[in-house]
Amino acid sequence: MAVGLAQFPGNLDPADQYNGWYVVKFGVGETLVKIGKDMKIEPWLAETWKKVDDLTWQIKIRDNVIFHNGTKVTGEAVKASLERTVAMNKRASQLLDIASIEVNGNEITVKNNHPNPSFIPALADPFAVIVDVDAARTMGEEFAEKPVATGPFKIKGYAKDVEVVVEKNDNYWGSKPKLDEVVFKFIPDSNTRVMALQAGEIQVADNIPAESVEAIIKTGAYQILSGSSLRTHMLIFNVTKPGLDDVNVRKAINMAINREDLANKVMKESAIPAVGPFPLVLPFGGNELEGYAYQPEEAKKLLDAAGWKPGSDGVRRKNDRKLEFSVLCYKNRPELPVLLEAIQAELKEIGVKINIINVENIGEALKKDFDATIYSLNTAPYGDPQYFLETVFKTGAASNFGKYSNPRLDLLTDKLKTTFNVQERNTIAKEAQQIVLNDAAFAFLVYPKSLLAMSNKVEGIELSPSEFYMLNPDVTVRP
C-alpha cells in the first residue's frame, strides 16, 4: 500500500518534538495507553493501571512484548524510555511531571512532582512511544532514522522529506499485520496528492481539499472518510509587535472576520465556525463562551477610539506607524492559504493590511521572529483541556509562539493540574478559555473536519479524532 501525506516528520525519533505522531501513524510506535474512537483511554502496552494516591500511579506492562530488535520489553526498559522522553521533550516534561519511576518486574510505579489528574491520558501522547533506549545509545544518530520500537511495522527505509517505508514485524505481540509493506510519501501539494491517488500511485491521501471531494466520489473508485476533528485553525499574534501589542487592534481583527463564511463558503461546509480554542464536541463549555461576532463596523469604531486613523491609502496609522503586518502561511493543510486570503480581504475593509508570507516549514519559521501566523493545532489529542492550556497558552510554554502571557490563566492552568473532578476541570477550562478570548492574542477561525480519500480496495483504516492512528495490523488492500 502507498499513502500520500500532507505533512512529514523532521526525523523518526518519537521523543523529538512532534515526530512521535508520525511514528504512531506509521504503525511503528506504541504508547502505554491509547485513545479509543470514543476518546476514552484504552490499554496498549500497559495491561492495567491504578492511582495509588494523588501523586502515585502503578502501571503493569504486558509481558509478551518485544522490541523490533528482539529485545524483551521490561519495566526497566519502559522506565528508561519515559525518562529519555522527559529529558528530550519539553511538552513531555510539562505534561507528565514525573518525579521518579520505580520498577518491580513488569510493573512500574510513577511518582509525580504534583497531583496530575491528566497523567494517564498524557501517556497516550506519541512523545511517550516506548523505545529501546540501549539501541538509541548504540545507534547514535542512526536511531532518528530507524527507531527501535514495538509496533506491528518496523522501519525499512527513510528518506527525509521524500518517503518512509515500513515492513511488517513478524514478531509483533498482537494480531499479525496483513500488509507486507507500506510506503508513506510526502506530497505537500493537495492537488498533486489527489492526482497521485487518481493515477493509482497511492491508495490513500490525507488532508484532501473540500473542493475535490465531489470529483473523487463521482469516479466510484474511491471512498471519503470524514469526521469531527479536535483541531482548530487559528491566527496567532505576536503580542510583542507594535500594533499587535494593542489589545484593541487584536479585538478589532477578531470582529472583522466572518467565521460563518470561512466555514461554509471558503471551506464548503467542511468546517464549523469557531468560538473559542476548543471544538464544541469537547465538554469544556465552548457553547457558553463569549466569542467574537462578525461586526466590521464595530471593529472600525474600536480602531478609531484606539487612535488608529485611516490613511490616504486606506491603511490605518498611529504616530506615523502603519497598521500593517506579515502573516506566515503554509500549504500542507490546503485550506489555510485560502482562509488567509479571505481574511486578508476582510481586514482590508477595516484598514488593516496583511502581507502573506508562504513558508515551506512552519515549525522552523516559528522559531524565528514573526508578526503573526495562521496555524492549525490538535487542541485535545487525548480529550483533556490540560494539554492545550499547558503547551500553547501558558507563559513560556513550548508552543506559545506569540509570547502571550496572563498570570490568571497561568494560575488556572496550574489549578487544573491538581483538580481530579471532571466537572470542576471543565469549569476551570471554561474560565481559562474566556480569559484567552478576552485578551484576543489569537483569532480562532474554524474547527475543520478530517477528510481522507482512499481506494475502495483499502480496508481497516478508520479516522481517529486524535489523528495519531492510521496503520494497524488489520489494514489491507484487496486484490
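How much space lies in the largest cavity of this structure? About 40 Å³. I will start there, then go through the salt bridges, and finish with some strands and two single residues. Keep in mind throughout that this is a predicted model.

So, the cavity. With a threshold of 30 Å³ or more, the count comes to 1 cavity. Its lining consists of Leu235, Phe237, Phe325, Val327, Leu340, Ile343, Leu347, Ile354 and Ala372. Sorted by class, that is 9 nonpolar residues, with no polar and no charged ones. Which elements each supply at least two residues of that lining? They are strand S13, residues 231-237, strand S18, residues 324-329, and helix H11, residues 335-349. H11 gives the largest share, 3 residues.

Next, the salt bridges. The structure holds 30 of them, and I will show three pairs and one network.

The first pair is lysine 37 with glutamate 462, whose side chains meet at 3.5 Å, N to O. This pair links distant parts of the chain, 425 residues apart. Lysine 37 sits in the loop between strand S2 (33-35) and strand S3 (41-43), and glutamate 462 in the loop between strand S22 (458-459) and strand S23 (476-477). Are these two side chains buried or exposed? Lysine 37 has a relative accessible area of 60%, so it counts as exposed. Glutamate 462 has 47%, and therefore counts as partly exposed.

The second pair is arginine 193 with aspartate 206, where the closest N and O atoms are 3.9 Å apart. Arginine 193 belongs to helix H6, residues 190-198, and aspartate 206 to strand S11, residues 204-206, so the salt bridge ties together parts that are 13 residues apart in sequence. Arginine 193 is buried, because its relative accessibility is 0%. Aspartate 206 has a relative accessible area of 9%, so it is buried as well.

The third pair stays inside one helix. Aspartate 261 and lysine 265 both lie in helix H9, residues 259-266. They are 4 residues apart, which is about one turn of the helix, and their closest N and O atoms are 3.6 Å apart. As for exposure, aspartate 261 counts as partly exposed at 25% relative accessibility, whereas lysine 265 counts as exposed at 58%.

Then the network: salt bridges with shared partners join Glu390, Lys394, Asp414 and Lys417 into one group.

On to strands. Strand S8, residues 153-159, and strand S9, residues 163-168, pair in the antiparallel sense over 6 bridges. Within that pairing, isoleucine 155 has valine 166 in S9 as its bridge partner. The hairpin has 3 residues between the strands. Which residue in this hairpin takes a positive phi? Aspartate 161 does, with a value near 60 degrees.

There is also an open sheet of 3 strands in the order S15-S16-S17, with antiparallel pairing. Its edge strands are S15 (309-310) and S17 (321-322), each pairing on one side only. S15 pairs with strand S16, residues 316-318, over 2 bridges. Lysine 309 has arginine 317 in S16 as its bridge partner.

A general point while we are on strands: in a regular strand, the side chains alternate between the two faces of the sheet.

Last, two single residues. Threonine 109 is in strand S7, residues 107-112. Is threonine 109 buried or exposed? Its relative accessible area is 19%, and buried means under 20%, so threonine 109 counts as buried. Leaving out residues up to four places away in sequence, threonine 109 touches Thr56, Trp57, Gln58, Ser100, Ile101 and Glu102.

Aspartate 53 lies in strand S4, residues 46-53. At 33% relative accessibility, aspartate 53 counts as partly exposed. How far apart are the C-alpha atoms of aspartate 53 and proline 115? They are separated by 8.8 Å, with the two residues 62 residues apart along the chain.

To recap: the largest cavity holds about 40 Å³ and has a lining of 9 nonpolar residues. The structure has 30 salt bridges, including the one between lysine 37 and glutamate 462. That is what I have.

Definitions and conventions
Residues are numbered from 1 along each chain as its sequence is written. This is a predicted model: local features need pLDDT of at least 70, side-chain atom pairs count only at pLDDT 80 or more; totals for chains, interfaces and linings use all residues. Side-chain values use heavy atoms; hydrogens and water are left out. Two strands pair if DSSP finds at least two bridges between them. A salt bridge is a side-chain nitrogen of Lys or Arg within 4 Å of a carboxyl oxygen of Asp or Glu. Buried means under 20% relative accessible area, exposed over 50%, partly exposed in between (1.4 Å probe, protein chains only). On a 1 Å grid over the protein atoms alone, a cavity is a set of points where a 1.4 Å probe fits but cannot get out, and a pocket is an open set with protein on both sides within 12 Å along at least five of seven lines; lining residues have an atom within 4 Å of a point. Grid points are joined across faces, edges and corners, and a volume is the space filled by probe spheres set on the points. Ala, Val, Leu, Ile, Met, Phe, Trp, Tyr, Cys and Pro count as nonpolar, Asp, Glu, Lys and Arg as charged, and the others, Gly among them, as polar. Contact means heavy atoms within 4.5 Å.
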